[in-house]
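Here are my notes after going through the model, point by point. Have it open while you read.

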Amino acid sequence: MTEAVATDKKPSSSVMPQPDSFKGDEGTPNFRAIGTLSPAVNRKVEPFGAAFLAHARRQRHGRTFSEDDRIQALAKVKKTEDDEDGEISEPEDPMMLQRDAKDWKGQDHYAVLGLSKYRYRATPEQIKKAHRKKVLKHHPDKKAAAGQAESDSFFKCIQRADETLSDPVKRRQFDSVDEAADVEPPTKKEMQKNFYKKWGAFFESEARFSNKTPVPKLGNEKSSREDVEEFYDFFYNFDSWRSFEYLDEDVPDDNADRDHKRHIEKKNRNARAKRKTDDTARLRNTVDLCLQNDERIKQFRKEASQSKNKKRIEKEAREKKEAEEKKAAAEAAEKKRLEDEEKAKADKDAAKKSKEAAKNAVKKNKRVARGSVKDVNYFAEGDASAAQVDAVLNDVDKVLAGTDADELADLVAKLNVAGKDAGKVKGVFTETVVDLVGKGKVKEGEVKVFK
């Protein structure tokens with residue numbers, strides 16, 4: 001800290017007159033003073049700023065300008081590293097630092113950038129930050145400034161990793177063969193302990209290759225049958241974008257033999273197709289394994305079997321009931337048929353008997369009618385001649401032929417009332433003849449005796 005003399009200038013609020021001692025100047029005859037100087041005052045002046053701090057730092061540590069700049073550059077790198085997202089920082093494998101940059105296809109690009117735990121989930125921003133952090137740490141110029149003699153091979157690995165992961169197409173090709181991101185299927189013992197967690201992690205890893213999104217989850221023991229069937233249908237028909245170009249054999253440049261170049265390209269195509277087929281078979285076999293050990297599937301099948309058996313039992317019961325009803329209906333129909341046959345037979349017998357009875361009644365009534373004229377001596381006084389008997393019986397037969405059963409019965413009833421009175425008997429027959437003539441059953445004049 002030093003002391004210095006400073007002056008303060010206080011402007012006047014109004015124009016003050018020139019002092020009498022001021023004579024002015026021949027070149028400035030119109031000059032006028034508008035203020036006066038204040039008295040000198042002692043003030044404290046403190047040094048400040050980046051330049052002073054750098055000077056003080058050099059003086060304190062006894063450094064030269066170049067030494068201080070180098071140390072400050074290293075400190076800046078460290079501060080930049082500390083300011084970066086701590087989640088994209090991970091310890092560097094000494095073996096990885098010694099990698100040959102020429103073997104770039106064999107390197108783990110995510111590990112080189114410190115993104116091993118993120119891998120295919122790493123965002124472009126995380127890749128960018130990780131690359132910047134690695135460059136600040138391993139750039140040859142930085143190492144040289146720090147006095148560290150290091151090969152630039154790992155720096156080239158960093159550049160290759162950034163080139164691969166920053167390009168969406170190249171990154172997808174590398175992700176296709178990134179075995180470090182794969183999750184192995186659970187063992188039989190693991191499946192028994194934590195089936196859904198272990199298998200869920202496996203299928204989540206496989207889901208990164210799906211062209212279709214969203215990808216169904218494995219779920220848990222409470223998942224519905226529809227969700228479980230949707231999950232297995234999705235993975236049995238898995239549409240994968242996974243390709244294997246990253247593993248292709250390098251194709252010679254255009255100056256190489258053209259036939260050899262075509263041979264290598266064909267060889268690469270065949271190798272990719274085989275790997276694709278093998279990968280599809282691998283996933284399908286793994287899905288089979290999961291399905292075979294999924295208790296939900298066993299429960300669904302059991303329920304389906306029970307439901308099927310229930311439907312079968314219900315169907316058999318329904319068919320049995322229908323058969324019994326059909327049998328009962330057939331028996332009822334047969335019983336009714338027999339009853340109808342018996343009734344028809346009884347009715348036939350009754351009708352036959354009735355008809356025979358009626359026939360017998362008609363025969364009897366005819367005998368009565370004929371006997372009635374016989375009882376009155378054929379209406380003759382004394383012995384009736386044969387001609388008289390024939391004439392009366394012929395007319396009686398004509399009357400009987402023209403009457404039906406009811407009319408005959410009515411005639412017989414009247415004859416029974418007439419008894420053996422010849423006049424009354426003849427009157428009954430005469431009345432009947434008149435009625436029959438009126439009905440057109442007997443021709444007029446056809447009956448000679450009863451007129």
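**Notes on charges, core and cysteines**

1. Let's start with the charged side chains. This is a predicted model, and a search of the whole structure turns up 33 salt bridges. A few of them are picked out below.

2. Take Asp294 and Arg296: their side chains meet in a salt bridge, with 2.8 Å from N to O. Is each partner buried or exposed? Asp294 is buried, at a relative accessible area of 0%. Arg296 is buried as well, at 4%. Since the cut-off for buried is under 20% relative accessible area, Arg296 qualifies with its 4%.

3. Lys170 pairs with Glu163, and here the closest N and O atoms sit 3.1 Å apart. Lys170 counts as partly exposed at 33% relative accessibility. Glu163, at 37%, also counts as partly exposed.

4. Next, a salt bridge inside a helix. Glu334 and Arg337 have their closest N and O atoms 2.3 Å apart. Why does the spacing in sequence suit them? The two residues are three apart in helix H12 (residues 295–375), so about one helical turn separates them. Glu334 is partly exposed, with a relative accessible area of 35%, and Arg337 is partly exposed too, at 37%.

5. Not every charged group is confined to a simple pair. Glu206, Arg242, Asp279 and Arg282 are linked in a network of salt bridges, so do look at these four residues together.

6. Now the nonpolar side. The largest nonpolar core has 24 residues, and those with the most contacts inside it are Val373, Phe379, Val392, Leu411, Phe429 and Phe450. Which helices supply at least two residues each? They are H12, helix H13 (386–402), helix H14 (405–418) and helix H15 (422–439).

7. Phe429 is a good place to centre the view. Setting aside neighbours within four places in sequence, Phe429 is in contact with Ala369, Ser372, Val373, Val396, Val399, Leu411, Leu415 and Phe450. Among these partners, Val373, Leu411 and Phe450 are also listed with the most contacts inside the core.

8. Last, the cysteines. How many disulfides are there? The count comes to zero. A pair would need its cysteine sulfur atoms within 2.5 Å to be counted. As for accessibility, Cys157 counts as buried at 2%, and Cys290 counts as buried at 0%.

Technical notes. Residues numbered from 1 in each chain as written. Predicted model: local features only at pLDDT ≥ 70, side-chain atom pairs only at ≥ 80, totals over all residues. Heavy atoms only, no water. Buried < 20%, exposed > 50% of the residue type's maximum accessible area, 1.4 Å probe, protein only. Helix = DSSP H or I, 4+ residues; strand = E, 2+ residues; numbered from the N terminus. Core = buried A, V, L, I, M, F, W, Y, C linked by side-chain atoms within 4.5 Å. Contact = heavy atoms within 4.5 Å.
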